[in-house]
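Colleague: I should like to go through this model with you, residue by residue where that helps. Please give the reasoning behind each answer.

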Amino acid sequence: MGVVDSDLKKNAQKVLEKGKQLCSTKGVDNASFETVEGDPRNVLVEGVEKHRASLLVLGSHGYGALKRAVLGSVSDYCAHHAHCSVMIVKKPKIKH
């Protein structure tokens, strides 16, 4: 396992722990957690099917049209391919 793989696994574990902690403090006791390697678009759509989800909630990076066209949008892909409702949560704009 390379340094990058090791760092990714450590970061994934930190995210899982943070999610578990948030659920615990909010009284959510029926959540399940797992890490899955692969293209996020496919992993999320397959996860919806596997868990028979009725709602998929995703964040948005807020990329512009050009960057989104080059990189592809995970939320856009899921909105078109997931067999459930998809909620895309945008980061609030900071007012100056």
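Colleague: Is Val 48 buried or exposed?

Modeller: The model is a predicted one. Val 48 is found in helix H2. A residue counts as buried under 20% relative accessible area. Val 48 has a relative accessible area of 4%, so Val 48 is buried.

Colleague: With which residues is Val 48 in contact, leaving aside its neighbours within four places in sequence?

Modeller: One partner can be placed by its C-alpha distance: Val 48 and Cys 84 are 36 residues apart in sequence and 7.5 Å apart in space. Contact itself is judged on heavy atoms within 4.5 Å. With neighbours within four places set aside, the residues in contact with Val 48 are Ala 53, Leu 56, Ala 82, His 83 and Cys 84.

Colleague: Is Ser 54 buried or exposed?

Modeller: Ser 54 is found in the loop between H2 and S1. The cut-off for exposed is over 50% relative accessible area. Ser 54 has a relative accessible area of 60%, and therefore Ser 54 is exposed.

Colleague: Which residues is Ser 54 in contact with, its neighbours within four places in sequence left aside?

Modeller: Gly 27 may serve as a reference point: Ser 54 and Gly 27 are 27 residues apart in sequence and 21 Å apart in space, C-alpha to C-alpha. Leaving aside neighbours within four places in sequence, the contacts of Ser 54 are with Cys 84 and Ser 85.

Colleague: Where is Ser 73 placed, and with which side chain does the side chain of Ser 73 make a polar contact?

Modeller: Ser 73 has its place in the loop between helix H3 (65-71) and helix H4 (74-81). Its relative accessibility is 16%, so Ser 73 counts as buried. At 3.2 Å, the side chain of Ser 73 makes a polar contact with the side chain of Ser 75.

Colleague: In what order do the elements of the protein chain run from the N terminus on?

Modeller: The protein chain has 4 helices and 2 strands. Its C-alpha trace spans about 40 × 35 × 35 Å along the principal axes. From the N terminus on, the order of the elements is α-α-β-α-α-β.

Colleague: Among contacts in the protein chain between residues at least 6 apart in sequence, what percentage join residues at least 24 apart?

Modeller: The chain has 96 residues, of which 12% count as buried. For contacts between residues at least 6 apart in sequence, the share that joins residues at least 24 apart is 64%.

Colleague: Which element gives the most to the lining of the largest pocket?

Modeller: The largest pocket has a volume of about 1200 Å³. Of the 25 residues that line it, the closest to its centre are Glu 34, Thr 35, Val 36, Val 43 and Leu 44. Two or more lining residues come from each of helix H1 (3-25), helix H2 (40-51) and strand S1 (55-60). With 8 residues, the element that gives the most is H2.

Colleague: How many residues of each class, nonpolar, polar and charged, are in that lining, and between which domains does the largest pocket lie?

Modeller: By class, the lining has 14 nonpolar, 5 polar and 6 charged residues. The centres of the two domains, taken over C-alpha atoms, are separated by 19 Å. Both domains give residues to the lining, so the largest pocket lies between domain 1 (1-35) and domain 2 (36-95).

Key:
Residues numbered from 1 in each chain as written. Predicted model: local features only at pLDDT ≥ 70, side-chain atom pairs only at ≥ 80, totals over all residues. Heavy atoms only, no water. 1 Å grid on protein atoms, 1.4 Å probe; cavity = no way out; pocket = protein on both sides within 12 Å on 5 of 7 lines; lining within 4 Å. Points joined across faces, edges and corners; volume = space filled by probe spheres on them. Nonpolar A, V, L, I, M, F, W, Y, C, P; charged D, E, K, R; others polar. Domains from an automatic or database assignment. Buried < 20%, exposed > 50% of the residue type's maximum accessible area, 1.4 Å probe, protein only. Polar contact = N/O pair within 3.5 Å; in protein donor to acceptor, adjacent residues only side chain to side chain.
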